[in-house]
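Work through the following exercises with the sequence and the structure side by side. Try each task on your own before you read its solution.

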Amino acid sequence: MKNVNIISAAFLCSILLILTSCSKISLSDKEARELVIKTQNLPISYYVSVGMNLNQLSRLQDAGLILFSYNSGWYSSYLKVEPTDIGRPYFLGKDDSNKNPAYDSFKFKSYDIDFGAITGISINKEDQTATVRYNLLINKSPIAVALSLEPESLEKEIVFKKFDKGWQIK
């Protein structure tokens, strides 16, 4: 009789262990980092397009990043932009996405955004979701500094849901 009680207690314990381990969800910092980088396509480079905005062109020239000349006449106008040695690494050439052929515009690298660190992970076991808080690293180019460009917030949050095949954006 004593052996039967021990066997039934062991059986109950093993069933309880299996049930509790199945409902356990977790997300490590390393897994969260990989998910954020993959789903947000990090790192990302941004550029700014500068055209006939004489204020922006003057600010870039005053910072020693470009030399420009602008000529406007009755029949045509043109903008000539040449990067200096300092500005050359950030000069991406003519912006072909400009829809108005009468106005030239030029692209400049403004900043790079990369993953910083996980600042928190909150698990909701009922919904099988994880809210991941993280920050980003911003590398501003001299172009962004000269034009006073500010990227979005450095602190971000994203919610993932646990599926049979892993974590996915909710």
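Two residues are said to be in contact when they have heavy atoms within 4.5 Å. Keep in mind throughout that this is a predicted model.

**Exercise 1. The chain as a whole**

Task: Describe the order of helices and strands in the protein chain, and find what share of the contacts with a separation of 6 or more comes from residues 24 or more positions apart.

Solution: Begin with the inventory, which gives four helices and eight strands for the protein chain. Next, follow the sequence from its start, and the pattern reads α-α-β-α-β-β-β-β-β-α-β-β. Then turn to the contacts with a separation of 6 or more, of which 57% are made by residues 24 or more positions apart. Finally, consider the surface: the protein chain exposes about 11,600 Å², with 54% of that area supplied by carbon and sulfur atoms, while buried residues make up 27% of its 170 residues.

**Exercise 2. A residue in a loop**

Task: Decide whether T84 is buried or exposed, and list its contacts beyond four places in sequence.

Solution: First locate T84, which lies in the loop that runs between strand 3 (77-83) and strand 4 (91-94). The cut-off for a buried residue is under 20% relative accessible area, and T84 counts as buried because its relative accessibility is 16%. Once the neighbours within four places in sequence are set aside, the residues in contact with T84 are G64, L65, I66 and L67.

**Exercise 3. Aromatic rings**

Task: Find how many aromatic pairs the structure holds, and work out which strands are tied together by the pair of Y46 and Y111.

Solution: The count of aromatic pairs in the structure is four. In the pair formed by Y46 and Y111, the ring centres are 5.3 Å apart and the planes are at 35° to each other, which makes the pair tilted. Y46 belongs to strand 1 (residues 44-50) and Y111 to strand 5 (residues 106-124), so this pair ties together parts that are 65 residues apart in sequence. The two residues can also be compared by their accessibility, since Y46 is partly exposed with a relative accessible area of 35%, whereas Y111 is buried at 12%. Elsewhere, ring pairs link F91, F106 and F108 into a cluster, and K107 lies over the face of Y47, 4.8 Å from the ring centre.

**Exercise 4. Strand 7 and its partners**

Task: Identify the strands that pair with strand 7, and state how many bridges join each of them to it.

Solution: Start with strand 6 (residues 129-140), which pairs with strand 7 (residues 155-163) in the antiparallel sense over seven bridges; within this pairing, T131 has V159 in strand 7 as its bridge partner. Continue with strand 8 (residues 166-169), which is joined to strand 7 by four bridges and also runs antiparallel to it. Here F160 stands opposite I169 of strand 8, and the two strands form a hairpin that has two residues between them.

**Exercise 5. After strand 6**

Task: Place S141 in the fold and determine which residues it contacts beyond four places in sequence.

Solution: S141 is found in the loop between strand 6 and helix 4 (142-146), and it counts as buried because its relative accessibility is 5%. Apart from neighbours within four places in sequence, S141 is in contact with Y90, K109, S110 and Y111. As a last step, compare S141 with Y47: they are 94 residues apart in sequence, and their C-alpha atoms are 9.8 Å apart in space.

Note on methods
Residues are numbered from 1 along each chain as its sequence is written. This is a predicted model: local features need pLDDT of at least 70, side-chain atom pairs count only at pLDDT 80 or more; totals for chains, interfaces and linings use all residues. Side-chain values use heavy atoms; hydrogens and water are left out. Buried means under 20% relative accessible area, exposed over 50%, partly exposed in between (1.4 Å probe, protein chains only). Accessible areas come from the Shrake-Rupley method with a 1.4 Å probe; for residues, only the protein chains shown count as cover. Rings of Phe, Tyr and Trp (its six-membered ring) pair if their centres lie within 6.5 Å; planes under 30 degrees apart count as stacked, over 60 as edge-to-face and the rest as tilted. A charge sits over a ring if NZ of Lys or CZ of Arg is within 6 Å of the ring centre and within 35 degrees of the ring normal. Two strands pair if DSSP finds at least two bridges between them.
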